[in-house]
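Colleague: Take me through the strands and the core of this model, please.

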Amino acid sequence: MASTGTHRAPASARKLEQKSAIRAELSTYNQSPRKVRLVTELVKGKKVADAVAALSFLPKRAALPIKKLIESAVANGVAKGEDKDALRVKNIQVNSAGMIVKFMPRAMGRAAPIRRRRSNVIVTLSVETPTA
């Protein structure tokens, strides 16, 4: 028996949307996802020009890589034929990319783990349609 009230679009529609989406990805960035999310939450939903301007003056380490990633996504959109000024940051997804575990020597022959967390960042842009 088929489910009637699903909240997700059919798989074929999702795949079509993913193919046509304007996106860029930063894989294994060496900063924890929690710190990167502080930067990405600032620019979600903004126009691309406003987001880049905000990131230019933000004194966080993740600001420059996120700014470059947004500019890369804009270049991908321009290559697809979209207008640069009509693009908006639709979503920025920050996921864990695993961690590098090192060990620090401690007292009495023990060792304590040092977890170097890494992030994957995916930027998705949308085309803003002018409303008249």
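The turns below cover strand pairing, one residue and the core.

Modeller: This is a predicted model, where local features need pLDDT of at least 70, side-chain atom pairs count only at pLDDT 80 or more, and totals for chains, interfaces and linings use all residues. Residues are numbered from 1 along each chain as its sequence is written, and side-chain values use heavy atoms, with hydrogens and water left out.

Colleague: How many bridges join strand S2 to S3?

Modeller: Strands are DSSP runs of E, at least two residues, and helices are runs of H or I, at least four, numbered from the N terminus. Two strands pair if DSSP finds at least two bridges between them. S2 (residues 87–105) and S3 run antiparallel, and the bridges joining them number 16.

Colleague: Which residue in S3 is the bridge partner of Leu 26?

Modeller: S1 (residues 22–29) pairs with S3 (residues 111–127) in the antiparallel sense, over 6 bridges. For Leu 26, the partner in S3 is Val 121.

Colleague: Why does Thr 124 count as buried?

Modeller: Thr 124 lies in strand S3. Its contacts (heavy atoms within 4.5 Å) beyond four places in sequence include Ile 22, Val 89 and Asn 91. Buried means under 20% relative accessible area, with a 1.4 Å probe and protein chains only. Thr 124 counts as buried because its relative accessibility is 17%.

Colleague: Which helix supplies the largest share of the largest nonpolar core?

Modeller: A nonpolar core is a set of buried Ala, Val, Leu, Ile, Met, Phe, Trp, Tyr and Cys residues joined through side-chain atoms within 4.5 Å. The largest has 24 residues. The largest share, 6 residues, comes from H4.

Note on methods: Buried < 20%, exposed > 50% of the residue type's maximum accessible area, 1.4 Å probe, protein only.
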